[in-house]
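Let's take a walk through a few side chains and see what they are up to. Have the structure open while you read.

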Amino acid sequence: MKILGLTGGSGTGKSAASAAFARLGCGVIDADASYRRLCDTCTPMLEEIQSVFLNVLSTDGKLDRKKLGAIVFADPQKLLQLNAITHPYIRQAARDAFAAFEAQGCQLCIYDAPVLFEAGMDALCDATCAVLALRETRIARIMARDAITEQYAALRIDAQKPDAFYEERCDYVVHNDGDLDSLYAQVRRIYDNILG
């Protein structure tokens, strides 16, 4: 089985690209969803986080992600500490999911991870693909999806990596400013290229 790491900034349409790959029969793993599950169920990871950051678990023993976020996003060193704790668990969850898809006979698995390179998860992939879109398109999508102001959407985008970061690192680039037919055509070419 081949693994394609799918990445890109907020509002580029990674989910739509993942859905297009899924229509072709690919397995899809959402790294953010995996992390959220770990935050609710992975006791060893939560114990490590609690021992470093203190008082970040709610009364039911689950991670209070907002409280933890307020700590780590205000201090780059603390974010590095958190990543050092969580990334091994996220990597193992990805390996387990890959093995499950391979056991089902899946030929291509998509690993949708916004911080694919920053987390070192590209090392698990046979190839990588960025989904890019124009800034105006991304702002409009984020505003509609998250019900936030244009200014806040722009701030979020401007805090993320530029397109050049992805273009320099990825084997494939999907430009997602057009309609779904255009997106599907690009995804199909990548699918055929990897499995061809």
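What follows is a short tour of aromatic rings, two buried polar side chains and a helix.

## The aromatic cluster

Keep in mind that this is a predicted model. It holds three aromatic pairs. Take F117 and F165 to begin with: their ring centres are 6.1 Å apart and the planes meet at 85°, so this pair is edge-to-face. F117 comes from the loop between strand 3 (108–112) and strand 4 (127–132), while F165 belongs to helix 8 (residues 163–169), so the pair ties together parts that are 48 residues apart in sequence. Both F117 and F165 are buried.

F165 also pairs with Y166, again edge-to-face, with 5.1 Å centre to centre and 90° between the planes. Put together, F117, F165 and Y166 make up one aromatic cluster. How buried are the two helix neighbours? F165 has a relative accessible area of 12%, and Y166 comes in at 4%. With the cut-off for buried set at under 20%, F165 counts as buried, and so does Y166.

## Charges over rings

Two rings have a charged end sitting over them, and one belongs to the cluster just described. The charged end of K161 sits over the ring of F165, 5.1 Å from its centre. Elsewhere, R23 places its charged end over the ring of Y184, 4.2 Å from the centre.

## R138, a buried arginine

Now for R138, which lies in helix 6 (residues 135–146). Its relative accessible area is 5%, so R138 is buried. Which side chain of opposite charge is nearest to R138, and how far away is it? That would be D163, at 4.4 Å. A salt bridge needs a nitrogen within 4 Å of a carboxyl oxygen, so the distance to D163 does not qualify, and R138 is left with no salt bridge.

What the side chain of R138 does reach is the backbone oxygen of S10, at 2.8 Å. Beyond its neighbours within four places in sequence, R138 is in contact with G9, S10, G11, T12, A133, I157, Q160 and D163. G11 shows how the fold brings distant stretches of chain together: R138 and G11 are 127 residues apart in sequence, yet their C-alpha atoms are 4.4 Å apart in space.

## T7, at 0% accessibility

T7 sits in strand 1 (residues 2–7). Its relative accessible area is 0%, so T7 is buried. Where does its polar side chain find partners? A polar atom of the T7 side chain lies 2.9 Å from the backbone oxygen of A113, and the backbone oxygen of P114 is 3.0 Å from a polar atom of that side chain.

Not counting residues up to four places away in sequence, T7 touches quite a list, including K14, V115, L116, C129, A130, V131 and C170. F117 and Y166 are among its contacts too, which links T7 back to the aromatic cluster that F117 and Y166 form with F165.

## Helix 2 and its cap

Last stop: helix 2 (residues 31–41), whose buried residues are A31, A33, S34, Y35, L38 and C39. These buried residues pack against strand 2 (27–30), helix 3 (43–53), helix 4 (65–72), helix 5 (76–103) and strand 3.

What caps the N-terminal end of helix 2? D30 does the job: one of its side-chain oxygens lies 2.9 Å from the backbone nitrogen of D32.

Key: Residues numbered from 1 in each chain as written. Predicted model: local features only at pLDDT ≥ 70, side-chain atom pairs only at ≥ 80, totals over all residues. Heavy atoms only, no water. Phe/Tyr/Trp six-rings, centres within 6.5 Å; stacked < 30°, edge-to-face > 60°. Helix = DSSP H or I, 4+ residues; strand = E, 2+ residues; numbered from the N terminus. Buried < 20%, exposed > 50% of the residue type's maximum accessible area, 1.4 Å probe, protein only. Lys NZ or Arg CZ within 6 Å of the ring centre and 35° of its normal. Lys, Arg positive; Asp, Glu negative; His and termini not counted. Polar contact = N/O pair within 3.5 Å; in protein donor to acceptor, adjacent residues only side chain to side chain. Contact = heavy atoms within 4.5 Å.
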